[in-house]
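Me: I am new to this structure and should be grateful for a close look at a single part of it. Please take the salt bridges as the subject and set out what surrounds them.

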Amino acid sequence: MAFPKFSRSSSSSPSGGLLSRIPLWVLRFLQFVFAITVIGLYAQDLRKASEQRKYSDSKWGYATAVGTIGAVSSLVLLWPALSMWGWGWDLIVFILFIALFGLFGKMYIHENPEGNGGIKRMKSAVWIDLINALLWLITACYGGILYVTRARRSTFTGRAN
């Protein structure tokens, strides 16, 4: 075997070999990018409210917090040792993004922008929230599958118990 590091069976890591991690890395990168996008889309209104010394709605604070949690989590969960065990956290972040989608979807999906750039931006943000939720659901399922299929291996040797 010329490339033992690329073989699934040669890796003693509980999360599999390099080839099984590449899709996860791509998904985590997309999660990070879309979470930063959520922060940028919602934080604009928080900044404007702060500059005008107006009340900032807690919904936008929640959206920014969820985006921040998603961005930080996507970076932390890149660590290979957490890829098999992080699927529970992936489900929690999925629920946070679904709640965000529901909250702003109810407000903006059926809204007619009539040339209003702010409403157009928020309609786009709602769909970005849904994309985020789906990405987190995919990584939760992927991590759950890794957990179920690789949990039989010994932590120390990588062989079946």
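**The salt bridges and their helices**

Reply: Arg 121 is buried, because its relative accessible area is 14%, under the 20% that sets the limit for a buried residue. The model is a predicted one, and the description that follows rests on it.

Arg 121 takes part in a salt bridge with Asp 45, in which the closest N and O atoms lie 2.8 Å apart. This pair joins distant parts of the chain: Asp 45 belongs to helix H1 and Arg 121 to helix H5 (residues 117-150), with their positions 76 residues apart in the numbering. Asp 45 has a relative accessibility of 21% and therefore counts as partly exposed, since buried requires a value under 20%.

Helix H5, which carries Arg 121, comprises 34 residues. From its first C-alpha to its last it reaches 49 Å, close to the 50 Å expected at 1.5 Å a residue. At the start of H5, a side-chain oxygen of Asn 116 comes to within 2.9 Å of the backbone nitrogen of Gly 118.

The count of salt bridges in the model is two. Besides the pair already described, the side chains of Asp 90 and Arg 28 form a salt bridge, with an N to O distance of 2.9 Å. This pair, too, links distant parts of the chain: Asp 90 lies in helix H4 (residues 87-108) and Arg 28 in helix H1 (residues 18-51), 62 residues apart. Both Asp 90 and Arg 28 are buried.

Helix H1 thus supplies Arg 28 to the link with H4 and Asp 45 to the link with H5.

Notes:
Residues numbered from 1 in each chain as written. Predicted model: local features only at pLDDT ≥ 70, side-chain atom pairs only at ≥ 80, totals over all residues. Heavy atoms only, no water. Salt bridge = Lys/Arg side-chain N within 4 Å of Asp/Glu carboxyl O. Helix = DSSP H or I, 4+ residues; strand = E, 2+ residues; numbered from the N terminus. Buried < 20%, exposed > 50% of the residue type's maximum accessible area, 1.4 Å probe, protein only. Expected span 1.5 Å × (residues − 1). Polar contact = N/O pair within 3.5 Å; in protein donor to acceptor, adjacent residues only side chain to side chain.
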